[in-house]
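Let's take a walk through this model together. Have the viewer open and turn things around as we go.

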Amino acid sequence: MSDAKADETADGGESTFTVIVAALANLGIAVAKAVAGLISGSSAMLSEAAHSVADTVTEVMLLTALKRSGKPADEDHPLGYGPERYIWAMLASIATFVGGAVFSIYDGVHTLVAGEELGDPLVSYIVLAVAFLLEGYSLRTGVKQVRREASRLRVPDTYYLRHTPDTAVKAVVMEDSAALIGLLLAAGGLLGGQLSGSGVWDGIASCLIGLLLVYVAWVLGRSNAQLLIGRPLPEAVRSGVREELLSVPHIVEVLELTTLIQGPDEILIAAKIDFRDMATAAEVEWACEEAEDQLRERFPSVRRVYLDPTPGQAQRLRHSER
């Protein structure tokens, strides 16, 4: 197995582990929150239960995405199945919106309008504390992967998280971060209701949890939509691709460069290249081979390179004059 392939397999396995940790944590938390919400009568706790259920469904979809997108290219799909992960990730963001945000806002508004009977909040506090620890561990797993990948690519952690095509890890980090904030909001709603004797604070907390989930769903949905439509490499990386191409003997100019992210470890590069006028056909062929090797060495995620020998502007001008 080549080093690039080994790195790809390791990254895919790490993403799968990160998602599995998050799924198991959210499944247990969802049950505990639902029981605590029913005992305490807290709408914020029930909203948090819906939040955890939505997160669990999201992680199941992300696992499906990781499995299906890893299938090798075949005759029917010559460029592979990489983009399929973004379809499932898009569905996961919709699940977050429908399963978590809509229920939370509805339950919060209902509580504000109709009021609620406050029960014993002790069980809810205990569940929130345990959930905070579990969500924190899940978030720590995702953040460790983000830091490792950002360090490998020599970019800031926040930049990597914002631009990474690995939407599984991005979803886990964002959803776990939102979960921790949601837990604090739920605790605030319980405390406010306990001190004031009113369910208004609980309803407000539920609405805020819903709005938080709307934001998470919107960010993840937009990110996956961009990758489904077709997102190029960042400008700095495109400059590096041009630099590598121009360093190859017999290549004079890069007339047109197209890059496409097909998956976290799948990049397609296509370029129109102006070769030296006196270069032989054999020299052009070997220059293409060398260019591909250099690109793969510098950017291990490059999977497909297509170079099109194209006359430059000076050659076109001379040809038109003749």
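**A helix pair, a sheet and some single residues**

Helix 8 passes helix 9 in a right-handed crossing. Keep in mind throughout that this is a predicted model. To find the two helices, look for residues 235-246, which make up helix 8, and residues 281-298, which make up helix 9. They pack at an angle of about 140°, and their axes are 9 Å apart. On the helix 8 side, the residues that meet the partner are Gly240, Val241, Glu243, Glu244 and Leu245. Facing them from helix 9 are Ala291, Gln294, Leu295 and Arg298.

Now follow the chain out of helix 8. The loop between helix 8 and strand 1 holds His250, and its backbone deserves a quick look. His250 has a positive phi of about 80°, although it is not a glycine. Is this residue buried, exposed or partly exposed? With a relative accessible area of 23%, His250 is partly exposed; the cut-off for buried is under 20%.

Next comes the sheet. What is the order of its strands? The sheet is open, its 3 strands run in the order 1-2-3, and the pairing is mixed. Strand 1 and strand 3 are the edge strands, since each of them pairs on one side only. From one strand to the next, the twist averages 15°.

The mixed pairing is easy to take apart. Strand 1 covers residues 251-263 and pairs with strand 2 in the antiparallel sense, over 10 bridges. These two strands form a hairpin, with 2 residues between them. On the other side, strand 2 and strand 3 (residues 302-309) pair in the parallel sense, over 7 bridges. How does the chain get from strand 2 to strand 3? It crosses through helix 9, and this β-α-β crossover is right-handed. So helix 9 plays two parts in this tour: it is a link in the crossover, and it is also the packing partner of helix 8.

Some residue pairs help to line up the strands by eye. Lys272 is a good place to begin. Its bridge partner in strand 3 is Asp308, while Lys272 is itself the bridge partner in strand 2 of Glu256. Further along the pairing with strand 3, Leu268 stands opposite Arg304, and Ile269 stands opposite Val305. As background for reading such a ladder, in a regular strand the side chains alternate between the two faces of the sheet.

Why is strand 2 largely enclosed by the rest of the structure? Strand 2 spans residues 266-275, and 8 of its 10 residues are buried, so the description as largely enclosed follows from that count.

Let's move to the helices earlier in the chain. Helix 4 runs over residues 122-153 and contains Ser124. Because its relative accessibility is 0%, Ser124 counts as buried. Which residues does Ser124 touch, leaving aside its neighbours within four places in sequence? Its contacts are Ala36, Ser40, Met45 and Leu190. Helix 4 is also the place of Thr141, which counts as buried at 11% relative accessibility. With the neighbours within four places in sequence again set aside, Thr141 is in contact with Phe17, Thr18 and Val21.

For a contrast, turn to helix 1, which covers residues 3-40 and includes Val31. Val31 counts as exposed because its relative accessibility is 53%, and the cut-off for exposed is over 50%. You can use Val31 for a distance check, too: its C-alpha atom and that of Gly221 are separated by 27 Å, and the two residues are 190 residues apart along the chain.

Finally, the cysteines. A disulfide is a covalent bond between the sulfur atoms of two cysteines. How many disulfides does the model have, if the sulfur atoms must lie within 2.5 Å? The count comes to 0 disulfides. Cys207 counts as buried because its relative accessibility is 15%. Cys288 counts as buried as well, with a value of 18%.

Note on methods: Residues are numbered from 1 along each chain as its sequence is written. This is a predicted model: local features need pLDDT of at least 70, side-chain atom pairs count only at pLDDT 80 or more; totals for chains, interfaces and linings use all residues. Side-chain values use heavy atoms; hydrogens and water are left out. Buried means under 20% relative accessible area, exposed over 50%, partly exposed in between (1.4 Å probe, protein chains only). Helices (H or I, at least four residues) and strands (E, at least two) are DSSP runs, numbered from the N terminus. Two strands pair if DSSP finds at least two bridges between them. A crossover is right-handed if, with the strands pointing away from the viewer, the path from the first strand over the helix to the second runs clockwise. A disulfide is a pair of cysteine sulfur atoms within 2.5 Å. Axes are lines fitted to C-alpha atoms, for helices over the stretch in contact, and angles run from 0 to 180 degrees between N-to-C directions. A crossing is left-handed if the near helix is turned anticlockwise from the far one by less than a right angle, and right-handed if clockwise. Contact means heavy atoms within 4.5 Å.
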